Amino acid sequence: MKPLKQFSIPFTGLKIGKHLFDFEVDNNFFDAFEYSLVKKGSLNVAVELDKQETMLILQFRINGTIVLDCDKCLAEFNAPLEVQERQIVKFAEDELESDDLEIISLSKKESEIDVSALIYEFITVSVPYIKICEQNGDGQKCDQEMIARLESLAVGSQEEEQEQSDDPRWAALKKLK
């Protein structure tokens, strides 16, 4: 994951208190994740790291646009994205698994934290389950020509079902019930 090296935050030399880090997320970022739901986008990520004695508190603010495919008309559209999340990092002697999804455990020997996976997760989770230009986009309307074409194909499949139900061989089978 060499292209994601820039998303590592070295916290060892930092003083106790709040520190701000800015990152740019573009298409290369999403290319680094093989099966990414999002392929294109332009986002600004501000990470506020609050270093304390026994833990780090990370506040993420992600703003920008991502490119999605409309589930209704299949066209690409720009979807605005605004995410605010918090992540807590605790230091432990050994790698302990936490039940809380908001807490990550790091070894005391670690000197930096890679936030690329967290940023990717926050972006991916914020993608709507059903993506429609008119609802999730920035004012773009669905492609009416494509919708008309899809509806004509759907109507054709209903006619085929009607023809199948009129087939006398099916009628003979239905009598056997």
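Strands β4 and β5 run antiparallel and are joined by 15 bridges. This is a predicted model. β4 spans residues 55-69, and β5 spans residues 76-92. One bridge pairs L68 with F77 in β5. The two strands form a hairpin with six residues between them.

**The turn between β4 and β5**

L74 is found in the loop between these two strands. Its phi is positive, at about 70 degrees, although L74 is not a glycine. Most residues other than glycine have a negative phi. Is L74 buried or exposed? L74 is exposed, with a relative accessible area of 55%.

D69 is found in strand β4. At 45% relative accessibility, D69 counts as partly exposed. Leaving aside neighbours within four places in sequence, D69 is in contact with A75, E76, F77 and K131. K131 lies 62 residues from D69 in sequence. In space, the two are 7.0 Å apart, C-alpha to C-alpha.

**The sheet**

β4 and β5 belong to an open sheet of five strands. The order is β2-β3-β4-β5-β6, and the pairing is mixed. Which strands stand at the edges? They are β2 (17-25) and β6 (103-107). Each has a single partner strand, so one side of each is left without a neighbour in the sheet. From one strand to the next, the twist averages 20 degrees.

Three of the pairings can be set side by side.

| Strands | Direction | Bridges | A bridge pair |
|---|---|---|---|
| β3 and β4 | antiparallel | twelve | K51 and L56 |
| β4 and β5 | antiparallel | 15 | L68 and F77 |
| β5 and β6 | parallel | five | F91 and L106 |

β3 and β4 also form a hairpin, with three residues between them. K51 stands opposite L56 in β4. At the β6 edge, the bridge partner of F91 is L106. The β5 and β6 strands run parallel, whereas β3 and β4 run antiparallel.

**A helix across the sheet**

Helix α2 covers residues 116-125. Which strands does α2 lie across? They are β2, β3, β4, β5 and β6. The helix runs at about 50 degrees to β4.

**The nonpolar core**

The largest nonpolar core has 40 residues. Which of them touch the most other members? They are V25, F29, F60, I66, V115, I119 and I123. The elements that give two or more residues to this core are β2, α1 (27-31), β3, β4, β5 and α2. β4 gives the most, with six residues. In soluble globular proteins, nonpolar side chains tend to be buried together.

F29 offers a view into this region. Leaving aside neighbours within four places in sequence, F29 is in contact with L4, F7, S116, I119 and Y120. I119 is itself among the core residues that touch the most other members.

**The cysteines**

How many disulfides are there? The count comes to zero. For C73, the nearest cysteine sulfur is that of C70, 3.8 Å away. A disulfide would need the two sulfur atoms within 2.5 Å. C133 is in no disulfide either; its nearest cysteine sulfur, also that of C70, is 3.5 Å away.

Are C73 and C133 buried or exposed? C73 counts as buried, at 2% relative accessibility. C133 counts as buried too, at 1%.

**The whole chain**

The chain holds five helices and seven strands. Read along the sequence, the pattern is β-β-α-β-β-β-β-β-α-α-α-α. Of the 177 residues, 32% count as buried.

The accessible surface comes to about 12000 Å². Carbon and sulfur atoms account for 50% of that surface. Contacts across the sequence complete the picture. Among contacts between residues at least 6 apart in sequence, 57% join residues at least 24 apart.

Conventions
Residues numbered from 1 in each chain as written. Predicted model: local features only at pLDDT ≥ 70, side-chain atom pairs only at ≥ 80, totals over all residues. Heavy atoms only, no water. Pairing = 2+ DSSP bridges. Helix = DSSP H or I, 4+ residues; strand = E, 2+ residues; numbered from the N terminus. Axes fitted to C-alpha atoms, helices over the stretch in contact; angles between N-to-C directions. Contact = heavy atoms within 4.5 Å. Buried < 20%, exposed > 50% of the residue type's maximum accessible area, 1.4 Å probe, protein only. Core = buried A, V, L, I, M, F, W, Y, C linked by side-chain atoms within 4.5 Å. Areas by Shrake-Rupley, 256 points an atom, 1.4 Å probe, with all protein chains shown as cover.
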